[in-house]
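Subject: Two-chain model for you

Hello,

Here is the structure I promised to pass on. Please open it alongside this email; my notes follow below.

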There are 2 protein chains.
Amino acid sequence: MSRIVAERQDVIATLAEIFREHGYDGTSLSLITEKTGLGKGSLYHFFPGGKEEMAEAVLGDIAAWFRTHIFEALRHAEDPAQALEAMFAGVDNYFRQGRRLCLMGVIAASGAHDRFARELNGYFSDWRADLAATLERAGTPKAECNPLAEEIVGGIQGALILARSLDDPGAFGRVLARLKTRCLPFPPN
Amino acid sequence: MSRIVAERQDVIATLAEIFREHGYDGTSLSLITEKTGLGKGSLYHFFPGGKEEMAEAVLGDIAAWFRTHIFEALRHAEDPAQALEAMFAGVDNYFRQGRRLCLMGVIAASGAHDRFARELNGYFSDWRADLAATLERAGTPKAECNPLAEEIVGGIQGALILARSLDDPGAFGRVLARLKTRCLPFPPN
DNA sequence: TCAAGTGTTTACCGATTGGTACAATGACTT
DNA sequence: AAGTCATTGTACCAATCGGTAAACACTTGA
């Protein structure tokens with residue numbers, strides 16, 4: 001188990017960066033072989049379904065990461081306010097302070113978005129739902145939770161695009177800080 | 001002037017929809033010839049630089065539209081609060097209530113983003129600057145204007161991606177409404 | 001020792017890519 | 001009527017696309 005799984009995991013991590021940087025259509029097999037150091041034979045051995053299966057694996061991996069590191073933390077935290085803090089910190093870290101795009105957003109903004117519609121929908125609706133529930137536990141008025149969660153999840157995506165377009169990663173952190181104050185009107189001292 | 005310019009303008013409008021829907025890398029010349037009804041000969045007559053020049057023309061056209069319809073309106077409006085209202089209404093209309101993506105965002109989230117970095121930067125920084133100035137004229141505290149403008153411009157992009165990913169165009173309008181209340185704490189009656 | 005996987009290399013496939021060349025068309029001048 | 005020139009259709013190009021096939025090496029348990 002260990003070695004091949006570990007190697008496949010390494011490949012997935014590399015694939016994620018390639019897709020992030022070049023988009024789905026912009027990622028060619030030759031680019032993948034170059035960056036991973038694996039020939040086509042190996043790639044098709046790991047991913048018989050080709051490029052589409054590679055992207056699916058990457059999206060699944062990302063979804064799993066967010067589920068365990070962000071969403072679960074929101075759900076099971078004792079202190080909701082602290083969990084929200086942790087979410088923003090985790091997001092800032094994951095997206096490398098605005099220097100890294102969100103592959104989900106990249107795919108959503110590409111022509112391949114319908115091919116991965118289920119993954120995209122799951123990712124965003126899970127995040128929205130878990131965030132909304134946590135906001136409610138943190139004392140946010142019930143009617144406010146869903147809209148606010150929507151604003152935050154969307155705001156993060158937009159901030160990433162803005163940061164990249166302005167060539168100013170700091171924009172991400174600034175927006176993130178504003179969004180945080182929005183759901184933590186009384187931040188823990 | 002009239003005919004060829006008009007036709008070129010029609011082509012650009014069609015190109016814009018193609019790029020929006022399929023992204024830069026996902027847009028092939030065969031797809032373009034199919035959707036526009038123009039052969040390669042005509043296309044390369046209008047755009048000798050090929051696909052890249054087509055995308056540049058489209059981005060330039062979009063930038064011009066926003067400049068005249070959104071940014072200028074912000075700058076020269078007598079009533080800033082009313083101009084802000086008009087901006088949100090114009091944006092909601094332009095993006096078809098969340099059913100249409102922003103090509104600037106699409107390009108920014110693609111591998112072609114560095115090829116059009118200048119256009120992207122200009123679009124977003126102009127929008128941010130004009131919006132911030134209008135916010136200040138509308139009475140927003142000076143230190144709040146730039147961050148708030150950043151949040152709004154980014155929030156619009158994120159809302160578009162969210163709406164598409166959730167397959168729920170309404171999410172766009174909901175986020176837009178929230179952003180509007182944020183810069184119009186005392187909306188005009 | 002030997003067979004059975006598990007990976008990997010390499011050559012190859014037809015299709016499509018973005019782009020070029022050029023002759024034919026057509027409208028408008030002169 | 002001749003000439004000009006913007007526009008267009010078509011054939012063609014090398015390069016690359018995603019994907020397949022099969023021979024090859026390496027490890028592994030029996």
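How many salt bridges are there between chain A and chain B? The count is eight. Keep in mind that this is a predicted model.

One of the pairs is worth finding on screen. B:Arg178 and A:Glu144 join in a salt bridge through their side chains, at 2.9 Å from N to O. Polar contacts were counted too. Twelve residue pairs are in polar contact between chain A and chain B, with both partners at pLDDT 80 or more.

Which parts of chain A touch chain B? Five helices give two or more residues each: α1 (2–22), α6 (103–108), α7 (117–137), α8 (142–165) and α9 (170–183) of chain A. Helix α8(A) supplies the largest share, 14 residues. Sorted by class, this side of chain A has 16 nonpolar, 13 polar and eleven charged residues.

Next, the extent of the contact. Chain A puts in 40 residues, and chain B puts in 40 residues. The area buried between the two chains is about 3,200 Å². Carbon and sulfur atoms give 60% of that area. Which residues of chain A lose the most area to chain B? They are A:Glu150, A:Ile161 and A:Arg178. Together they account for 19% of what that side buries.

Now the symmetry. A turn of 180°, with a shift of 0.0 Å along the axis, lays chain A on chain B with an RMSD of 0.0 Å. The two copies are therefore related as by a two-fold rotation axis. Both copies use the same surface: 100% of the contact residues of chain A recur in chain B. Which residue of chain A comes closest to the rotation axis? That is A:Gly158, with its C-alpha at 1.8 Å.

One last residue, this time in chain B. B:Asp130 sits in helix α7 of chain B, which covers residues 117–137. Is B:Asp130 buried or exposed? Its relative accessible area is 9%, so B:Asp130 is buried; the cut-off for buried is under 20%. What does B:Asp130 contact, leaving aside neighbours within four places in sequence? Its contacts are B:Phe71, B:Leu74 and B:Arg75.

If you look at one spot to begin with, try the salt bridge between B:Arg178 and A:Glu144. Then go to α8(A), with its 14 residues on the side that touches chain B.

Best wishes

How values were computed. Residues are numbered from 1 along each chain as its sequence is written. Chains are lettered from A and ligands numbered from 1 in the order in which they are written. This is a predicted model: local features need pLDDT of at least 70, side-chain atom pairs count only at pLDDT 80 or more; totals for chains, interfaces and linings use all residues. Side-chain values use heavy atoms; hydrogens and water are left out. Copies are superposed by least squares on the C-alpha atoms of residues with pLDDT of at least 70 in both. Contact means heavy atoms within 4.5 Å. Buried area is the accessible area (1.4 Å probe) that two parts lose on being put together, summed over both. A salt bridge is a side-chain nitrogen of Lys or Arg within 4 Å of a carboxyl oxygen of Asp or Glu. A polar contact is a pair of N or O atoms within 3.5 Å; within protein, one must be able to donate a hydrogen and the other to accept it, and residues adjacent in sequence count only if both atoms are side-chain atoms. Helices (H or I, at least four residues) and strands (E, at least two) are DSSP runs, numbered from the N terminus. Ala, Val, Leu, Ile, Met, Phe, Trp, Tyr, Cys and Pro count as nonpolar, Asp, Glu, Lys and Arg as charged, and the others, Gly among them, as polar. Buried means under 20% relative accessible area, exposed over 50%, partly exposed in between (1.4 Å probe, protein chains only).
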